[in-house]
Amino acid sequence: MNNSSLEYQQKTLLQRLNSQDWLYAIVIFAGSIFAYTKYAQYMDIYETVFLFGAAALASYLGWQWKTLGKLVLAVGVISLFSISLYDGDQARATQLFLLKFLISSQSAIMWMNVLFVLAMMVYWFALYKRSEFAGKFASALTWSAVLFGFVGLMVRWYESYLIAPDVGHIPISNLYEVFILFCLITALLYLHYEQKLNTKQLGGFVLLVINAAVGFILWYTFDRQANHIQPLVPALQSYWMKIHVPANFVGYGAFSLAAMVAAAYLLVNKGVLSSRLPSLDVLDDLMYKSIAVGFAFFTIATILGAMWAAEAWGGYWSWDPKETWALIVWLNYAAWLHLRMVKGLRGPLLAWWALIGLLVTTFAFLGVNMFLSGLHSYGTL
Amino acid sequence: MNPKLSFSRNFLDLLSSMRFAVSLLSVLGIASVIGTVLKQNEPYENYIIKFGQFWFGLFEQLGLYDVYHSGWFLLILLFLVISTSLCIYRNTPSMLKEWRTFKEHATEKSLNAFSHQETYATNATPDELKQKLTQFLVAKGFQFKFRTQENGSELIAAKAGTHQRWGYIFTHVAMVVILFGGLLDGNLPFKIQEILGHKRIETLDIPENQVPPESRLGIHNPSFRANMTLPEGTSDNVAFVRVRDGYLVQELPFRVALKDFRIEHYATGQPKSFESDLVIMDPDLKEPITKTISVNHPLTYKGIAIYQSDFQDGGTKLNFKVWNLFAPNAEAQPLAGTIFQKGVLGQGDAALKVEFNDFRKFNIINMSPDGKGKPHNVGPNITYKLRDNRGQAVEYVNYMQPMQIDGRHYFITGMRETVQDEFRYLRIPVDSDLSLNGFMNFRAVMLDASKYQEIAHRIANNSLDVKRDSAVRKQFETSVVQLLSIFAKGGYSGVAQVIEKSVPENEREAVARTYIKMISVAAFEAYNMALEANGKPVLASNTDTETLLRDSLNAFSDIFFFGAPYYLQLDQYEHKEASGLQLTKSPGQKWVYLGSVLLVLGIFAMMYIRERRIWLSIRPHKKQVHFAMASNRKNLDFEKEFNLYREQLRSLIG
Ligand code: HEM
C-alpha cells in the first residue's frame, strides 16, 4: 500500500499509546494496589471495585487527555507529601510551615479559592486586551486552582481519619465539601473544552459561576465554620455516596458551564464582544455538548440516587423534595434536548433556556436545602 | 374519508404528539413543585391552622396534601404512558428502517443536491477505485453496499452509527417501563377499591385488632409501604400504612420480633448507627431467621424488605420520687410509671393524671452561651403531662441529672401549657452532694410556719442593733415571722403584691430592698436549720453561699408558677426502646431498574453515536467520483469530519 492510502487509517486508542502512557497507568495501578494492601480490611467489595474502577478511569482519562494525567500525578504526589508531613498528628496542620501556609487541607482549599479569583480576573483581562499570553496564564492559574482543590480534598479525606477512625469519610458528604467538588468539576469540564476548541475567551464567563461558588465557600467557612469535619449521620454511611454524589456534580457542573456559554452566546448574538468571543456556531455546539454530558450524568446520578434510596429509605422514589427537584431539572433539559434534536430548534431561545435552566438547577442544588425539608440529610444551611 | 375515523385518527395523533407529551410533562413539573413547596402528609390539623377552614377544604378536594398519590396525578402518568407508547408505536418502524437501510437507491440527481458533496476527477479504473474507496470506508468504520445504477455508475452507499436509532427506542421504551413499574408500586389497587366502596381508611385511634376488615389489607396485597413500631422484646405481624389523615392495617405473612435495638454514638455524641436485632418467624421456616438490620442494610424476606427507619421509646419503666412542693415536710413519695401509660397523683378533686410521654436516654444539647461551643450529652430526660379533672394539661420535661450553667449545677425542669409555647424552666440548685435534697429540705423549713420564730430568733441573735433592746427585738422578730409567712404563700411576687397594696409608692423601693435583704438573711438561717436537722455541716458565709441562697430563693419563688404542686424527680429507669421499621413490597422495582438501564443505554446511544451516511458514486463515463455525505444531526463535529474526508479522498483518488 502506498503512503497516501495509509494516511487516513485511524489508530485505535491502544495503538496510540506510547511508553509514557503505559508508565502512567502502571504508576496509577501500583498506587491503588498499595492502597488496597494497606486498607483492604476496612473496605467492602463495592469499595474495592470503586478503587480499581477509579484507577481504570484515571488511566483512561489520562490517556485521552494528557494534561489531566499530569494533574492526577501531581495531585497524588503533593497529597502524599502533605500526608507524610502530618505524620498522624492533626495538630501539625497548624504547626509546620509548609502545611500551615500551603498544603494542609484547609490551606490548599484557600489557595484554590484565591487562584480561582485571580484566574477569573486574568481571563477577563485577556479578553479585554486580546492577549494570547494572558489567556494562557489564566489557564495555568485555573489548572493550579484545580490542583490545589483536589489536594485539599485528598488531605481532608486523610484528616477526617485523624479525628477518629470512625469519623473518617470521603469528603463529599456535606454542602461545604460538595461546593469544592462543584468548583473542581466545572473547571475541569471547561478546561477540557478550552483545550479541544481553543476557547480561552470563555474562561471569564465560566469562572463567574465558579467564583460564585467560591464566594459561598468563603462565607460558609468564615460565618458558619462549615469547614470543620463532621461525622456522618447513619443514612450517609454507604458506598452509594461515592458514586451518586460525583455523578450529580458532573451534571450540575456541565449545566452551569452550558449556562455560561449561553450567556456568551446571547451577548454575541446582540453584537456585544462579538469580535472577541468565539462564533455563534462554536458557542452553540459547546452549549449542546455540555448539556448533553450533563444530561447523561444527571440521568445516571438520579438513577443511582433512586437505587440508594431503595436501600436507605425503603423505596426507590419517595417524592422527597430533592428527588422531585432532580426530576424537574431532568425534565427541563429533556425538553431542551427534544426541541433541539426533534424540532431542530437553534438560536437565542435555547440559549435563554439554558441560562434560565441554571436557576432551576441551582434551586435543586441549593434552594431545596435552604427552603424545603425532606429526607436528604446533608447540608441544611 | 369517514369523519368518525378521521376524528379518532386526529385524537390519536394528538395523543402521540410531542406537543401533548410536553404539555403533560409541564403539568407534571408544576404538580411536583407544589408537592415540594407544600409539605406533604402532615397531620390535617396543621393544614387547618395554616390555611383556614375554607382553603383547607378546597386543597383537600384537590388532593394537594398527597399530590403524588392523588387521582389526577396518576391520571397524568397514565396518559404519559399512553402517549409515549403511541409515539413509540408510530416511530419505531421508521427508526428500524433507517437503522437497516443503506439508502442505496439514492438517485444521482438527489445526491447532486446535497449540501455536503464533492466531485473528484480521476483516471483510475473503476475496479481500482472501488478497492481504494472500500478500504477507505472500512478504515473509517463504515458498512456499505454496492449498486449499479442505470447509467452505468457504480454507487457505494455506506452508513455508520445507525445504532443511534436504537437510542430513541431504548429511551422511550424505558420511560414506559419505568412509569409502568412506578404504577405497579403505587396504591392504585387500593384507590380503585376505595372508589368502589370496598375499602376505606381508618381515622380512629383504636387497637389494631378492632380495625374492621374494610380497613385491612391482606397478605396478598401486591405492593405497599408500611410502618411498624416494635418495642424490644415484642413481636407483631401487622404494619400500618399511612393514608391521608388515617391509616390502613397491612397484614404480614410472617411475624417479626425485635430482640434488641441499639444506638451507637460518636465521641461527640451524634448518633453513629441504629441497629435492630430481628427475628423472623414463619411456619414455612424450619428455623426462625435472625438478622441485624441497620440504616442502609435492610433485610428482605418473602419479597418484603424490612428497613431500619427510626426509633422511639418502647415503654421504659420509670421510678420517681414525688415531692409535694407545698407540703412543709421533706418526704418524697415513690411513684412507678411506664412510658405511654398513665398514673395518678393526689386524691379526690385535686387528683392529677400523669401521662408519661417520652423518655430519652441521650440529649445532645449545645449549652454554651454563644452557641458556638460543642454540643454534648446532658443525660436522660423524661417528658410527661399532668392533667386535671377538667382535662387541662401542663407538659413537663425533666432532666435527670443536674446541668452545668455558668459553672454551677442545677436540676432543670421545663413546663408549658400549650404546644405552641416555649418551655419555661425551673432551675433548682444542687446541694453540696449534687443532690436535690438540700433545696427540698430548705423549702420545707421555709414553708413550715412553726419554724419562723426560731429563724427570727437566730437572726436577732446575730444582729447587734436588735439584740440589746428587748422591745425592738420583739417587734423585729414579729416582722420577720410575718414576712416569712407572706413569702411562703407566694414567693417574691407574693411579697411584691403585699408591698404594692400596703406601702405608699415612693417608699416601695426602699421597703422592697429591706425585705429582700431580710428574706435572704432568713434563708441563710433556714438553710442551716435544715442542714443541722440532717446532721450536715452548716454553710459558711461566702459568695458561694450567697449564690446558692439566691438561686434557692428564686427556685422557691418559681414553684408558685410551676403549674402543679408536684415535682417528679426521676430516680431510676429501665430503658426499653422501640425500633421503627419500614416494610415495603415493591414488585415494580425490577421494572424501574430495567427501565433505568435502558434509559442510560438509550441516552448514550442517542448522544454519543453519530449517524452518518456516505455515498460514493464511481462514474466511469465522466471519469469522476462523486462524494456526498449526510447526517441526521448537523453540527460542528459533522462539518469537521466532512472536511477531513473530503481532503483525504482527494489525495486518495487524485
Ligand atoms: C414521558 C415522556 C417523554 C420523555 C421523558 C422523553 C424523553 C426523551 C429523551 C430523554 C430523549 C433523548 C434526548 C437526548 O438525545 O438526550 C428523547 C428524544 C426523542 N423523543 Fe422523547 N420523551 C418523551 C415523550 C416523547 C413523545 C410522546 C414523543 C413523540 C413525538 C417523543 C419523541 C422523541 C423523539 C422523536 C426523540 C428524538 C429521537 C432522535 O431524533 O433520535 N418523545 N425523548
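This briefing walks through a ligand site, the contact between two chains, and one pair of packed helices. The model is a predicted one. Its ligand sits between chains A and B, and those chains bury about 4,700 Å² between them. Helix H13 of chain A is a good thread to follow, as H13 gives two or more residues to the shell around the ligand and also packs with helix H14 of chain A.

**The ligand and its surroundings**

- Around the ligand there are 19 residues, and the nearest are A:His338, A:Met341, B:Cys87, B:His172 and B:Arg633.
- A nitrogen atom of the ligand lies 2.4 Å from an N or O atom in the side chain of A:His338.
- On the chain B side, the side chain of B:His172 has an N or O atom 2.7 Å from a nitrogen atom of the ligand.
- The side chain of B:Arg633 places an N or O atom 2.8 Å from an oxygen atom of the ligand.
- Two or more residues of the shell come from each of these elements: H13 of chain A, and helices H2 (18-37), H4 (71-100), H7 (164-185) and H15 (589-608) of chain B.
- By class, the shell holds 13 nonpolar residues, five polar residues and one charged residue.

**Where chains A and B meet**

- Chain A brings 58 residues to the contact, and chain B brings 58 residues.
- Carbon and sulfur atoms give 63% of the buried area of about 4,700 Å².
- Within chain A, the residues losing the most area to chain B are A:Tyr8, A:Tyr316 and A:Trp319, which together make up 17% of what that side buries.

**Helices H13 and H14 of chain A**

- H13 covers residues 321-341 and H14 covers residues 348-371; their axes come within 9 Å and cross at roughly 170 degrees.
- Because angles over 145 degrees count as roughly antiparallel, H13(A) is roughly antiparallel to H14(A).
- From H13(A), the contacting residues include A:Trp325, A:Ile328, A:Tyr333, A:Trp336 and A:Leu339.
- From H14(A), they include A:Leu350, A:Trp353, A:Leu358, A:Phe363 and A:Phe365.
- Sorted by class, this helix contact has 17 nonpolar, four polar and two charged residues.

Note on methods. Residues are numbered from 1 along each chain as its sequence is written. Chains are lettered from A and ligands numbered from 1 in the order in which they are written. This is a predicted model: local features need pLDDT of at least 70, side-chain atom pairs count only at pLDDT 80 or more; totals for chains, interfaces and linings use all residues. Side-chain values use heavy atoms; hydrogens and water are left out. Axes are lines fitted to C-alpha atoms, for helices over the stretch in contact, and angles run from 0 to 180 degrees between N-to-C directions. Helices (H or I, at least four residues) and strands (E, at least two) are DSSP runs, numbered from the N terminus. Angles under 35 degrees count as roughly parallel, over 145 as roughly antiparallel, 65 to 115 as roughly perpendicular and the rest as oblique. Contact means heavy atoms within 4.5 Å. Ala, Val, Leu, Ile, Met, Phe, Trp, Tyr, Cys and Pro count as nonpolar, Asp, Glu, Lys and Arg as charged, and the others, Gly among them, as polar. A residue is near a molecule or strand if one of its heavy atoms lies within 4 Å of it. A polar contact is a pair of N or O atoms within 3.5 Å; within protein, one must be able to donate a hydrogen and the other to accept it, and residues adjacent in sequence count only if both atoms are side-chain atoms. Buried area is the accessible area (1.4 Å probe) that two parts lose on being put together, summed over both.
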